[in-house]
Amino acid sequence: MNKNLPSYYKAAVIIVGIICFGVALLVNSTQALRWEYLVLLAFAVLVAPRLSLTISRSNLILSFSDSIVFLTFLMYGGELAIVTAFVEAVANCIYLKRRGVESARWFILFNASLASIVAAVSFGVFTLVSSVLGLDPARTTTRSIVTTLGVLSLTQFLASSTFTSLYQYLRTATSVWETWKKRCLSISLTQFTGAGLAGISYKLINYADPVMIVVASVGLGFIYMSYRQSIGEVNDAIGQVEDAEREKAETERERRVEAERHAGQLTRSLQKEEMTNAALRKSEQDFQYAALHDSLTNLANRKQLGDILRKLIKDYKGNPAISFHVLFLDIRRFKNINDSLGHTIGDKVLMIAAKRFVRMLTEVDHVARIGGDEFAIILRNLSTVGKAQKVARRIFRSISQPFSLSGNRISITVNIGIAPCDAEYNTPEEILRDADIAMHYAREKDRGVAVFSKDLRERFLERARFEMDLRHAIERNELSMHYQPIVSLQDGHLIGFEALLRWHHSEVGLIPPVKFIPIAEDSGLITPISVWILGETCSQLAKWQKISAASKDLIVSVNISGRHLETNELVDDIELALENSGLDADSLKLEFTESVAMENAEHTINILHQLKKIGVQLSIDDFGTGYSSLSYLHRLPFDTLKIDRSFVNAVGENGENSEVLQTIISLAKNLKMRVIAEGIETVEQLNLLRNLGCDYGQGYLISKPKPVREAERMIYERPNWLPFDGIEDYDPSRPSSVDANLPVF
Ligand code: C2E
Ligand code: MG
Ligand code: MG
């Protein structure tokens, strides 16, 4: 609907209303100036609006406006009724506005115009009806008055309600009938009451004497007053009800506000609870994460690895095509990194190693940290163990790329053991155990990578058994020392012995040191065993030194393990052994293999200096196999250098391959060390070494290592150890050649 329509309607009503008013005024201008009419008009303007009664909570307003309009009609005709309706409506609107009634634009003019139009329509309808019905224009009878008022009030009601409904429809699109029912029916009462009042007033004015008028007026006034009072009381009561309702509404509003406040609090506490729950959930997730991950590297931990392996073992049993390989890795000499560079650097090294492992694998593989420097990798989708070996070798190569940390250049290497999946595995522990066995083998053999086999397990079990038995070897008297003579290559006299450990296992028999010393080192048993060796050998030598004047300068060489050197107890253990045996410190020589001495050279230098302070002699063993750094060699306070027997063995019958020997001997001389050659097995080797200026020698040619009693006999018999004519071993029955055939070298 056009939104301007209500305005057009208003304008049209105003124009038509003013025309009606103007025409009516012009037509009856003389009558309009009569004083009786002016009194009536003054009443309409000044009094009537004030007499209207409004009934609270209803649309009902009992007003006297209609009565005055009807009365004017009866007394002065339709034209002046139109004028009265207009003027009275203006007065009424002004009165209402003053009383604060809200009004729209053109409120006064529109209502006044509407009133004049309604009056004009009523007048027109009445003129038509009266000409049809032939009504008495003088209205002398009550019947004609009632008919007139009836027609007028009905017409007035219909016209005004129609105009009002129409306006409402244009304004709010409310149906005309609805508005008419709701708002207009109730005003019909005021119209008819107004008509009745007008009829009574007309009668009184025309047919009653003054007394009667006064009495009637007083009566009407009285009725009006009591009616007004009762309406006032009704309004008061309604007011009270309204107050009560307002109060109730206020209470309800307050309750609503309170309820909303509670709801707000509830929402807030629910939000808080939700937050607490979220925090709980998060900490639960964190907890779960921590339970399955290694906190340092963020890799899976042993628990998670176990879960994954359990599933893979199950899948493999269901479908052997789904193969997998488990790699067990440990970082070589990680303890050294921790000890020398500190745990913070150690942690960083582990993190770097973890990152490198992850980078080298595919998404389907798994990496886990399962111990201090131990990692495990599950390789999937590799059809053969050869492929797993290839990956392991790649890891082995890549992990050793040097990197720098806090100014330290670090290079790490790993030992890797591989266990291929097998139907015999039922638990993750079993497959990890076998990968670990392979890793130990790789470490022992210095191979980098080794694949598990059943033989390895046998070997491992044997080792485990040896380890167990070794723990009790000392108390069971299964350990003993053999002594191999070391002689001067210049004059053949006995310098001393190298003490070599022997284990006579009660069931297995003699076990060679190369087999059990690594087990003793791995298990940490080497230190107590070494203490025992030191005690044994020092006491033994102290005894032998007392045999004769020739034996008082004998020395004993004791091999010291790298594991013992790592500890801070070595110096104390040596002092104790010397003290207990009463042996002079310079009669004891300690042998450190070259690789052990160079492993942690700074530490070695420190310990060796402490040992030198005690007065013991120091020898570097197996020289030539351990990649010595010359700068360190220079700083290590060794007295003698023992050439590894492989260089001696390499010398042929005609002195071939002697260059290395020559180089080592001159190096030792330059470093002001005495040189010992070990493993001399032939006369040619002996002769060559003598010619090269090697100071001392030991080997099967001179004597194999001997048990105490036999070694002791040698001291007593004092054979001349040189020369040899192809006799491989010392033969006590052989006549000493010392005086007879001392060869000229
Ligand atoms: P090593 O210290 O280099 O000892 C020399 C080894 O060479 C000895 O082997 C000795 O019997 C052997 N040998 C000596 N001359 C000859 C020869 O002419 N030909 C051949 N083929 N071999 C010869 P053994 O007694 O089996 O000891 C092997 C290694 O075990 C030792 O090498 C040493 O590293 C270690 N070892 C032996 N006893 C002890 C010990 O009491 N403590 C420690 N920590 N290690 C020991
Ligand atoms: Mg040795
Ligand atoms: Mg040696």
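**Rings, a patch and two magnesium ions**

Modeller: Lys10 lies over the face of Phe110, 6.0 Å from the ring centre. This is a predicted model: local features need pLDDT of at least 70, side-chain atom pairs count only at pLDDT 80 or more, and totals for chains, interfaces and linings use all residues. Residues are numbered from 1 along each chain as its sequence is written, chains are lettered from A and ligands numbered from 1 in the order in which they are written, and side-chain values use heavy atoms, without hydrogens and water.

Biologist: What makes the charged end of Lys704 count as sitting over the ring of Tyr700?

Modeller: A charge sits over a ring if NZ of Lys or CZ of Arg is within 6 Å of the ring centre and within 35 degrees of the ring normal. The charged end of Lys704 is 4.9 Å from the centre of the Tyr700 ring, so the distance condition is met.

Biologist: Phe110 has ring partners too. Which residues are linked with Phe110 into a cluster?

Modeller: Tyr9 and Tyr167. Ring pairs join these residues and Phe110.

Biologist: How many aromatic pairs does the structure hold?

Modeller: There are 16. One of them joins Phe73 and Phe126.

Biologist: Why is the pair of Phe73 and Phe126 called edge-to-face?

Modeller: Rings of Phe, Tyr and Trp (its six-membered ring) pair if their centres lie within 6.5 Å; planes under 30 degrees apart are stacked, over 60 edge-to-face, and the rest tilted. Here the centres are 5.1 Å apart and the planes meet at 90°. Both conditions are met, so the pair is edge-to-face.

Biologist: Why does the pair tie together parts that are apart in sequence?

Modeller: Phe73 is in helix 4 (residues 65–76) and Phe126 in helix 6 (residues 107–133), so the parts tied together are 53 residues apart in sequence. Helices (H or I, at least four residues) and strands (E, at least two) are DSSP runs, numbered from the N terminus.

Biologist: Is Phe73 buried or exposed?

Modeller: Buried means under 20% relative accessible area, exposed over 50%, and partly exposed in between (1.4 Å probe, protein chains only). Phe73 has 4%, so Phe73 is buried. Phe126, at 7%, is buried as well.

Biologist: What makes the pair of Tyr483 and Trp544 edge-to-face?

Modeller: Their ring centres are 4.8 Å apart and their planes are at 75°, so this pair is edge-to-face. Tyr483 is in strand 10 (residues 479–488) and Trp544 in helix 17 (residues 526–545), 61 residues apart. Tyr483 is buried at 1% relative accessibility. Trp544 is buried, also at 1%.

Biologist: Now the surface. Which residues form a nonpolar patch there?

Modeller: Ile15, Val16, Ile19, Val23 and Val27, with about 440 Å² of accessible area together. Patches take residues with over 30% relative accessible area and no salt bridge; like charges are joined within 9 Å and nonpolar side chains (Val, Leu, Ile, Met, Phe, Trp, Tyr) within 5 Å. A salt bridge is a side-chain nitrogen of Lys or Arg within 4 Å of a carboxyl oxygen of Asp or Glu. Val27, in helix 1 (residues 5–27), has 53% relative accessibility, so Val27 counts as exposed.

Biologist: Which residues are the protein donors of the magnesium ion (ligand 2)?

Modeller: Glu498 (OE), Asn559 (OD1), Glu591 (OE) and Asp621 (OD), lying 2.1 to 2.2 Å away. Donors are N, O and S atoms within 2.8 Å of the metal (3.2 Å for Na, K and Ca), and water is not among the atoms, so sites may look incomplete. These distances fall inside the magnesium cut-off, so the atoms count as donors. Glu498 is in strand 11 (residues 494–505) and Glu591 in strand 14 (residues 588–593), so the pair ties together parts 93 residues apart in sequence. Glu498 is buried at 4%. Glu591 is buried at 1%.

Biologist: Which residue coordinates both magnesium ions, ligand 3 and ligand 2?

Modeller: Asp621. The two ions are 3.9 Å apart. Asp621 is buried, at 4% relative accessible area. Ligand 3 has Asp621 (OD), Asp622 (OD) and Glu678 (OE, listed twice) as protein donors, at 2.0 to 2.5 Å.

Biologist: What is the phi of Asp622?

Modeller: About 50°, positive although Asp622 is not a glycine. Most residues other than glycine have a negative phi. Asp622 is in strand 15 (residues 617–623). Lys672 has a positive phi too, about 60°. Lys672 is in the loop between helix 24 (659–670) and strand 17 (674–677). With 72% relative accessible area, Lys672 is exposed.

Definitions and conventions:
Accessible areas come from the Shrake-Rupley method with a 1.4 Å probe; for residues, only the protein chains shown count as cover.
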